[in-house]
Amino acid sequence: MDKKTRIAIIGGGPAGLSAGMYLEQKGYENYVIFEKTDHVGGKCHSPTFHGKRHEMGAIMGVPSYYAVHDVELFAGVTHDGPKLHRTYRLPNGKVDHRFDKRLFNIPHLLKLKKQIKKFGEILETKYKGYDVCGHRGVSEGRYEGFAVTPGREPVSGENPNLKDLAMPFKQFVEKNGVPLVQEIWVQPFTSFGYGYFDEIPAAYVLKYLDFQTMMNFVNVNLWTWKDGTQSIYEALNRKLKHPALLNSNIEKIVRGDKVEITVNGKKEVFDKLIITAPLQVGEINNPVAKGLDTYLDVTPEERELFSKIDYERYDTFAWNMAPEAYPEASFYVVDNMTPETLGHGMVFYMRWAGEPEQPMISYRLRKHRDPKETVEEYKARPELGYEETKKTCIEDIKALGLAPLKDENGRDKIIYEFQTYYFPHVFSEDYANGWYEKVEAMQGKNNTYYAGEVMSFGDMDETVEYSRDLVERFF
Ligand SMILES: Cc1cc2nc3c(=O)[nH]c(=O)nc-3n(C[C@H](O)[C@H](O)[C@H](O)COP(=O)(O)OP(=O)(O)OC[C@H]3O[C@@H](n4cnc5c(N)ncnc54)[C@H](O)[C@@H]3O)c2cc1C
């Protein structure tokens with residue numbers, strides 16, 4: 001492609017900004033990044049309270065976040081944040097001893113350890129190729145992409161077993177005789193808002209929590225950033241030759257030989273378009289996302305495929321805690337990570353110890369597809385309400401013995417709320433029917449390329465790695 005090609009990138013989150021970085025590194029400098037809000041970072045969102053940055057969105061990485069490391073090197077930042085600690089509590093606030101090596105637990109823990117080991121071996125052999133970035137070829141029993149290694153070598157091959165990755169994770173691990181591993185994988189999966197194992201295809205679970213990444217979580221071998229994950233992307237944006245244009249309201253995109261974009265009332269013409277904003281079409285019951293068809297001239301093929309996307313209702317809020325109630329560390333409430341406890345607080349994250357008016361962040365999910373439901377039945381069923389589950393979470397906090405401070409009107413002091421369009425994905429039926437192969441076959445048609453979370457997985461590294469993959473393949 002001509003290096004002077006004029007490229008529009010929609011979205012100033014990790015995917016869009018890193019697309020700009022990789023393009024620039026390949027010699028394409030004629031790009032513009034349009035960001036609709038007044039800041040970059042998207043779901044990497046780190047507001048400041050009492051002079052310290054806290055995390056309302058992404059928190060952590062692992063040493064195998066090679067793509068995020070590309071960004072760190074380019075932007076001159078490093079993972080210099082507070083060490084993460086992990087403890088477990090029961091919903092009543094008592095310590096949860098399920099992972100303690102106490103006598104009563106030993107037989108179960110030994111069985112679990114055996115299954116984890118077996119799972120690691122199965123993944124490396126029977127499911128060879130499972131962990132490459134993106135989903136190309138998986139439903140056809142192939143793998144094609146870049147290895148999760150520091151060199152990220154291109155890899156490809158045939159492996160019919162990979163078709164199993166379309167199954168919900170629960171079914172996948174049961175089929176492979178290792179059901180207990182769910183007890184470990186659930187912690188950084190469901191509590192981080194990625195849904196439940198009886199509804200989400202194993203492909204997503206394992207692209208994110210490949211064996212190497214999961215062992216880093218188990219050993220708390222994790223990265224954080226002092227000024228928050230948002231600061232990675234702020235630094236990246238400052239280093240780009242063309243920082244994102246903030247407050248860009250895209251009104252209309254019309255594609256033909258060229259791509260005409262009407263933004264803030266002005267028409268601009270580009271050769272190519274990279275979309276990292278939500279691809280979902282149709283009505284999205286979410287205050288921060290709108291359907292792609294509200295501004296793009298979607299083709300019938302795009303409409304058909306992108307109407308299959310669903311997302312998670314995953315919300316966070318920060319509240320100020322009474323000093324006498326400070327816990328010793330962040331904790332998980334594993335009992336609240338089940339479909340039956342939908343809407344309850346699953347993680348309680350305390351980033352800086354011993355601060356005045358210590359903010360603590362809680363995380364909850366609001367929708368679950370029952371395996372007995374068709375996609376249509378699931379979509380027609382209302383989700384739990386935002387306010388209703390916020391109330392549930394506050395009751396959870398009190399039951400845990402963590403008193404929130406009161407504001408001047410005697411109300412619980414909630415200092416920040418963050419509602420996102422989270423983890424777009426497709427369900428097993430569509431995954432198995434080749435959704436990814438069809439979308440990948442559309443890459444480049446109408447001068448349009450698709451990137452961002454749904455193309456790989458909703459974490460920082462998979463999205464940045466996919467932007468790299470896209471630029472490597474097509475530019
Ligand atoms: C609570 C929470 C915890 C998380 N924890 C982790 C974690 O610990 N580790 C991890 O790796 N990941 C984590 N994530 C996920 C991670 O933040 C996302 O996967 C990542 O930010 C996705 O990048 P993206 O660029 O694809 O999308 P986003 O971050 O959503 O960015 C999309 C950008 O596009 C903009 N946009 C949308 N529509 C338009 C439009 N029409 N025009 C212009 N701009 C538009 C948005 O404003 C946004 O800035 C977490 C996320 C949340 C919310």
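Two residues are taken to be in contact if their C-beta atoms, placed from the backbone, lie within 7 Å. Helices (H or I, at least four residues) and strands (E, at least two) are DSSP runs, numbered from the N terminus. This is a predicted model, so local features need pLDDT of at least 70 and side-chain atom pairs count only at pLDDT 80 or more, while totals for chains, interfaces and linings use all residues. Residue numbers start from 1 along each chain as its sequence is written.

To begin with helix H7 (residues 211-218), its buried residues are Thr213, Met214 and Asn216. Buried here stands for 20 or more other C-beta atoms within 10 Å of a residue's own, exposed for 12 or fewer, and partly exposed for anything in between, with C-beta atoms placed from the backbone. Thr213, Met214 and Asn216 sit on the same side of H7 because they cover an arc of only 155° around the axis, the arc being that of the directions from the helix axis to the C-beta atoms. As a rule, an α-helix has 3.6 residues a turn, so residues three or four places apart point the same way. The cover over the buried residues of H7 includes helix H5 (182-189) and helix H6 (202-208). After H7 comes Val220, with a positive phi near 50°.

Two of those H7 residues turn up again around Val62, which is placed in the loop between strand E4 (52-53) and helix H2 (66-75). Leaving out residues up to four places away in sequence, Val62 touches Thr213, Asn216, Asn221, Leu222 and Trp223. Val62 counts as buried because it has 22 C-beta neighbours inside 10 Å. Phe74 is 12 residues from Val62 along the chain, and their C-alpha atoms are separated by 18 Å.

On the bigger layout, the domain assignment of the protein gives domain 1 (7-46 + 226-309 + 426-474) and domain 2 (103-218); such bounds come from an automatic or database domain assignment. The C-alpha centres of domain 1 and domain 2 lie 27 Å apart. Domain 1 puts 16 residues into the contact and domain 2 puts in 19. On the domain 1 side, the elements giving two or more residues are helix H12 (428-432), helix H13 (435-442) and helix H14 (460-474). H14 gives the most to that side, with four residues. By class, the domain 1 side has six nonpolar, four polar and six charged residues. For these classes, Ala, Val, Leu, Ile, Met, Phe, Trp, Tyr, Cys and Pro count as nonpolar, Asp, Glu, Lys and Arg as charged, and the others, Gly among them, as polar.

Phe146 and Asp469 bring together distant parts of the sequence: they are 323 residues apart along the chain, yet their C-alpha atoms are separated by 7.6 Å. Phe146 lies in strand E6 and counts as buried because it has 20 C-beta neighbours inside 10 Å. Besides Asp469, Phe146 touches Val132, Cys133, Arg152, Glu153, Pro154 and Val155, not counting residues up to four places away in sequence. One of these, Arg152, is found in the loop between strand E6 (142-146) and strand E7 (154-158). Arg152 has a positive phi of about 40° although it is not a glycine, and its 19 C-beta neighbours inside 10 Å make it partly exposed. Asn447, in the loop between H13 and strand E19 (448-450), also is not a glycine and has a positive phi, of about 60°. With 17 C-beta neighbours inside 10 Å, Asn447 counts as partly exposed. In general, most residues other than glycine have a negative phi.

Turning to the ligand, 34 residues surround it, and Gly11, Gly13, Gly42, Ala58 and Ala277 come nearest; a residue is near if its C-beta atom, placed from the backbone, lies within 6 Å of the molecule. Helix H1 (14-25) and H14 are the elements that give two or more residues to this shell. The shell divides into 13 nonpolar, 15 polar and six charged residues. H1 and H14, along with H2, are also among the elements that cover the buried residues of H8.

Finally, the largest nonpolar core has 127 residues, of which Ala8, Ala19, Val205, Met360 and Ala451 touch the most other members. A nonpolar core is a set of buried Ala, Val, Leu, Ile, Met, Phe, Trp, Tyr and Cys residues joined through C-beta atoms within 7 Å. This core draws at least three residues from each of domain 1 and domain 2.
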